[in-house]
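User: Hi! Could you take me through this model and show how each label is earned?
Analyst: Gladly; here it is.

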Amino acid sequence: NCLACAAGIATFEAIEEGHLLQNAVEMGRYAQEKLRSLKETHSVIDHVRGIGLMIGIELTRPGADIVSKCLERGLRINCTHDTVIRFMPPMIVTKDQIDEAVGIFESVLSEG
């Protein structure tokens, strides 16, 4: 219907005007670099993969407890296939927000 079409067009215009696709690419690269650097100090991380802001962190053990502890600290992530942490911030995410999220994730990993 007309209302749904207008909403769709407005969404595309907001994405384009806000340069959100470019932000997703840049912030996705930044987040993946930060998460990959955690592998050096946390053996539970097998590898990090993703495209844009859709990021998967493959673990060497189940990640349900990591998800629960992160949620208690305000970071909403989820675990798929038992050992893959799904990290998917919004297209409007900033470096500061990624730093905060990775900081929470790292603090949980450091607890063991």
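Analyst: Let's begin with packing: the buried residues of H4 pack against helix H2 (20-38), strand S1 (45-51), strand S2 (54-59), helix H3 (64-72) and strand S4 (84-87), where contact means heavy atoms within 4.5 Å. This is a predicted model, so local features need pLDDT of at least 70 and side-chain atom pairs count only at pLDDT 80 or more, while totals for chains, interfaces and linings use all residues. Residues are numbered from 1 along each chain as its sequence is written, and side-chain values use heavy atoms, with hydrogens and water left out.

User: What makes H4 a helix, and how does its reach fit the expected value?
Analyst: Helices are DSSP runs of H or I with at least four residues, strands are E runs of at least two, and both are numbered from the N terminus. H4 has 17 residues. The expected span is 1.5 Å times one less than the number of residues; H4 reaches 24 Å from first C-alpha to last, close to the 24 Å expected.

User: Which residues of H4 are called buried?
Analyst: Buried means under 20% relative accessible area, exposed over 50%, and partly exposed in between, using a 1.4 Å probe and protein chains only. In H4, Ile-98, Ala-101, Val-102, Ile-104, Phe-105, Val-108 and Leu-109 are buried.

User: Why do you say that they line one face?
Analyst: Seen down the axis of H4, the buried residues fall within an arc of 155 degrees, so they line one face; the arc is that of the directions from the helix axis to the C-beta atoms. The face turned away from the buried side carries the exposed Asp-96, Glu-100 and Ser-110.

User: Why is His-81 called exposed, and Asp-82 partly exposed?
Analyst: His-81 has a relative accessible area of 72%, so it counts as exposed. Asp-82, at 46%, therefore counts as partly exposed. His-81 is in the loop between strand S3 (78-80) and S4, and its phi is near 50 degrees, a positive value in a residue other than glycine.

User: What makes the largest pocket a pocket, and what is its volume?
Analyst: On a 1 Å grid over the protein atoms alone, a pocket is an open set of points where a 1.4 Å probe fits, with protein on both sides within 12 Å along at least five of seven lines. The largest pocket has a volume of about 270 Å³, the space filled by probe spheres set on its points, which are joined across faces, edges and corners. Of its 15 lining residues, the closest to its centre are Leu-75, Pro-89, Pro-90, Gln-97 and Ala-101; lining means having an atom within 4 Å of a point. H4 gives the most to this lining, with five residues.
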